[in-house]
Amino acid sequence: MTEKPQGVEPGDDSNADEAVLKAAEEAVKAAAAESGEGDELATAKRELLERTGDLQRLQAEYQNYRKRVERDRLTVREIAVSNILESLIPVLDDIGRAREHGEVTGGFKSVAESLETVVAKLGLQQFGKEGEPFDPNLHEALMHSYSSEVTEDTCVQVLQPGYRIGERIIRPAMVAVAEPQPGSQSTGGPDPEAPEADGAADN
């Protein structure tokens, strides 16, 4: 009969097994806890990246919205100013005709000059001068003639000035146009030599 070593009570083996099992369970729980914390951190990082991306997209959309609103605001302002300036063109025409007849004097002269200064600051530009080349994009020919004093189609008289705002033509200049006289550019160089050539042929 085999004797157990002294100091070892019956049931010690089961207690050891239980201790081993308990230690293993605690190790598994600890590993699971560590694994869970890693998953939560990865999930938090992923959500942070997603929220950051959403915020960046939202900010970009807001910046685009601000630019679009500012662009629309400037467009509306330009249209409103253009409409006002167009309505003042007949007044400017009256001032121009009065100035041609020497009627812009005294207080009326001061008012006229102030009005012309204001519309110029708002971007209204007058154009059309005698002697400048005729441009169908800028001028409208109301009268036509020929002249030996011009070498190209030329505005010889401005019947009504044109107006523009920036590059936009509000009204073309109404002008009288002169074209070069037909045949005025022919040199006639060979003619003086023609009789000599004929005489040489006769000889």
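## Starting with E116

Leaving aside its neighbours within four places in sequence, which residues is E116 in contact with? They are L92, I95 and R99. Keep in mind that you are looking at a predicted model.

E116 itself sits in helix α2, which covers residues 106-121. Is E116 buried or exposed, or something in between? With 28% relative accessibility, E116 counts as partly exposed, because that label covers values between 20% and 50%. You can also try the distance from E116 to L88: the two are 28 residues apart in sequence, and their C-alpha atoms are 10.0 Å apart in space.

## The whole chain

Now zoom out. The chain has three helices and six strands. Read from the N terminus, the elements go α-α-β-β-β-β-β-β-α. So how much of the chain is buried? Of its 203 residues, 15% are buried.

The chain exposes about 15700 Å², and carbon and sulfur atoms supply 53% of that area. As for contacts, take the ones between residues at least 6 apart in sequence: 64% of these join residues at least 24 apart.

## Two spots on helix α1

Helix α1 spans residues 12-100, and Y62 is part of it. Y62 has 46% relative accessibility, so Y62 counts as partly exposed. Together with Y65 and V69, Y62 forms a nonpolar patch on the surface, and the three have about 310 Å² of accessible area together.

S82 is in helix α1 too, but here the picture changes. Its relative accessibility is 4%, so S82 counts as buried; the cut-off for that label is under 20%. What does S82 touch, if you skip its neighbours within four places in sequence? The answer is I165, R168 and I170. Remember I165 and R168, since they come back in the next section.

## The β1-β4-β5 sheet

Three strands make an open sheet in the order β1-β4-β5, and their pairing is antiparallel. β1 (124-127) and β5 are at the edges; each has a single partner strand, so one side of each is left without a neighbour in the sheet. On average, neighbouring strands here are turned by 35° against each other, direction ignored.

Let's look at one pair inside this sheet. Strand β4 runs over residues 162-165 and strand β5 over residues 168-171, and the two pair in the antiparallel sense over three bridges. R164 stands opposite I169 in β5, while I165 faces R168 in β5. These are the I165 and R168 that S82 is in contact with. The hairpin of β4 and β5 has two residues between the strands, and G166 takes a positive phi near 65° there.

## The β2-β6-β3 sheet

There is another open sheet of three strands, ordered β2-β6-β3, and its pairing is mixed. Which strands are the edge strands? They are β2 (139-147) and β3 (154-160), each pairing on one side only. Neighbouring strands of this sheet are turned by 25° against each other on average, again with direction ignored.

Within the sheet, β3 pairs with strand β6 (residues 173-180) in the antiparallel sense, over five bridges. For a single example to find in the structure, try C155: its bridge partner in β6 is V177.

Terms used
Residues numbered from 1 in each chain as written. Predicted model: local features only at pLDDT ≥ 70, side-chain atom pairs only at ≥ 80, totals over all residues. Heavy atoms only, no water. Patch = residues over 30% accessible without salt bridge, like charges linked within 9 Å, V, L, I, M, F, W, Y side chains within 5 Å. Areas by Shrake-Rupley, 256 points an atom, 1.4 Å probe, with all protein chains shown as cover. Salt bridge = Lys/Arg side-chain N within 4 Å of Asp/Glu carboxyl O. Helix = DSSP H or I, 4+ residues; strand = E, 2+ residues; numbered from the N terminus. Buried < 20%, exposed > 50% of the residue type's maximum accessible area, 1.4 Å probe, protein only. Pairing = 2+ DSSP bridges. Contact = heavy atoms within 4.5 Å. Axes fitted to C-alpha atoms, helices over the stretch in contact; angles between N-to-C directions.
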